[in-house]
Amino acid sequence: MSTSEVYIEKGEKNLLHTYNRFPIVLDHGKGVFLYDADGKEYLDFSAGIAVFALGYGNEVYNDALKRQIDKLIHTSNLYYNAPAVIAAGELCRISGMDRVFFTNSGTEAIEGAIKSALKYAFTKKPADDYEIIAMENSFHGRSMGALSVTGNAHYREAFGTGIGHIKFAEFNNLDSVKNAITDKTCAVITETLQGEGGIYPADEGFLKGLRELCSERDILLILDEIQCGMGRTGYMFAFEEYGIKPDIMTAAKALGCGFPVGAFLMTERVAEKSLKPGDHGSTYGGNPLAGAAVMAVLDEYEEKDIAGHVRELTPCLSEKLESIKSEFDIVTAHRGKGFMQGLEFSVPVGDIIRNCQKEGLLLISAGANIIRFVPPLVIEKEHIDRMYEILTKVLQDR
Ligand SMILES: *Cc1c(COP(=O)(O)O)cnc(C)c1O
């Protein structure tokens with residue numbers, strides 16, 4: 001048995017079987033490459049699901065975490081800590097928001113965003129039946145609140161009615177949102193670019209229309225930037241490209257680049273009427289180690305102009321994917337922005353992904369028929385070329 005096989009067999013005995021994992025045991029990484037327990041090299045075009053933007057073994061990031069581990073890892077939120085305070089200031093500056101609450105995951109950031117919106121409405125006029133409009137085909141996480149606004153019935157069906165008072169509208173259809181609004185609507189939540197649902201960017205008219213609609217009626221616009229934010233579309237946050245600003249937003253995934261940290265942020269106008277002492281909390285959220293991770297990530301983004309790098313190389317990735325679409329009939333669509341793009345196939349993509357793995361390329365799906373391209377944001381042209389060669393070969397050999 002190979003080392004990988006030993007761990008796979010052990011893992012299948014004890015890990016709860018909630019994932020159909022690929023038979024790969026990843027061991028270490030360098031730059032945009034990962035190595036399995038038997039030393040096989042993979043070009044990584046999945047980045048741990050749009051997380052590891054800076055590439056593996058980034059020295060600035062690793063050293064910052066090591067230093068903070070030796071200094072202080074955890075304090076609780078009963079006290080202040082400098083890394084979280086500095087990270088909060090930076091995050092507000094780059095997002096245009098005013099206040100931030102750090103969480104340990106994206107899902108928790110969504111929970112906080114939902115609670116913030118409900119509390120805002122409650123402060124204006126106490127009631128227990130405020131409604132939130134979410135989008136069909138959306139993904140916001142797996143806890144009961146986040147699941148309740150996730151527009152995929154399959155994820156929800158076994159878990160009861162959820163938090164209630166959620167209405168679903170069609171993504172990119174402003175009339176559908178208009179029709180769902182009632183006097184009880186307190187918030188509209190949407191990804192700026194739907195990820196898990198299959199890489200669907202918001203149309204400009206839709207997002208600008210949503211912003212207007214929400215402003216007119218003092219409904220809060222919550223943008224989930226957990227996957228599409230942090231430079232992935234070539235903008236620090238995807239909504240920047242649309243020239244609008246949400247009232248509440250969420251971030252996670254690349255925010256900690258591997259260290260588990262998320263955040264929900266809001267404008268001062270919302271904060272004034274929203275969560276107050278006692279309304280929300282987290283033991284770990286925003287601890288010094290998480291703060292140090294966010295600081296290191298944001299410093300590296302600025303130092304290396306990560307968003308600029310994505311904008312510069314986007315045409316290169318787009319052209320290659322467009323060319324795959326024209327070469328192969330089974331590719332039916334190409335969508336996305338920046339380093340968050342997708343190819344839709346007329347067949348399930350599982351076998352294509354597995355064959356790419358055999359050739360040393362990690363790709364992930366977004367739904368059964370869509371391959372999602374979410375590489376570390378530091379990839380260079382040569383890596384895009386290599387991805388193209390491997391994927392083309394795999395598709396030719398089918
Ligand atoms: C991944 C994701 C989440 C959930 O984040 P976790 O860190 O897995 O809890 C929520 N929203 C979007 C858009 C995501 O891509």
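Q: How far is an oxygen atom of the ligand from an N or O atom in the side chain of Gln227?
A: The model is predicted: local features need pLDDT of at least 70, side-chain atom pairs count only at pLDDT 80 or more, and totals for chains, interfaces and linings use all residues. Residues are numbered from 1 along each chain as its sequence is written, and side-chain values use heavy atoms, with hydrogens and water left out. A polar contact is a pair of N or O atoms within 3.5 Å; within protein, one must be able to donate a hydrogen and the other to accept it, and residues adjacent in sequence count only if both atoms are side-chain atoms. For Gln227 and the ligand oxygen, the distance is 2.8 Å.

Q: What share of the ligand's own accessible area does the protein cover?
A: Accessible areas come from the Shrake-Rupley method with a 1.4 Å probe; for residues, only the protein chains shown count as cover. On its own the ligand has 380 Å² of such area, and the part covered by the protein is 82%.

Q: Which residue places a polar side-chain atom 2.5 Å from an oxygen atom of the ligand?
A: Phe139 approaches a nitrogen atom of the ligand with a backbone N or O atom, at 3.4 Å. The side-chain approach to a ligand oxygen, at 2.5 Å, belongs to Thr107.

Q: How many residues of the shell around the ligand are charged?
A: The surrounding residues, those with a heavy atom within 4 Å of the ligand, include Ser105, His140, Glu191, Asp224 and Lys253. Asp, Glu, Lys and Arg count as charged; Ala, Val, Leu, Ile, Met, Phe, Trp, Tyr, Cys and Pro as nonpolar; the others, Gly among them, as polar. Two shell residues are nonpolar and five are polar, while the number charged is three.

Q: Why do β13 and β16 each have one side without a neighbour in the sheet?
A: Strands (E, at least two residues) and helices (H or I, at least four) are DSSP runs, numbered from the N terminus, and two strands pair if DSSP finds at least two bridges between them. The open, antiparallel sheet has the order β13-β14-β17-β16. β13 (331–337) and β16 (364–365) stand at the edges, so each has a single partner strand.

Q: Which residue in β17 stands opposite Gly342?
A: Strand β14 (residues 340–345) pairs with β17 (residues 370–373) over four bridges, in the antiparallel sense. Opposite Gly342 stands Arg372.

Q: Which residue in β6 is the bridge partner of Ile132?
A: In the open seven-stranded sheet, the order is β4-β12-β11-β10-β7-β5-β6 and the pairing is mixed. Strand β5 (residues 131–135) runs parallel to β6, with four bridges between them. The partner of Ile132 is Ile166.
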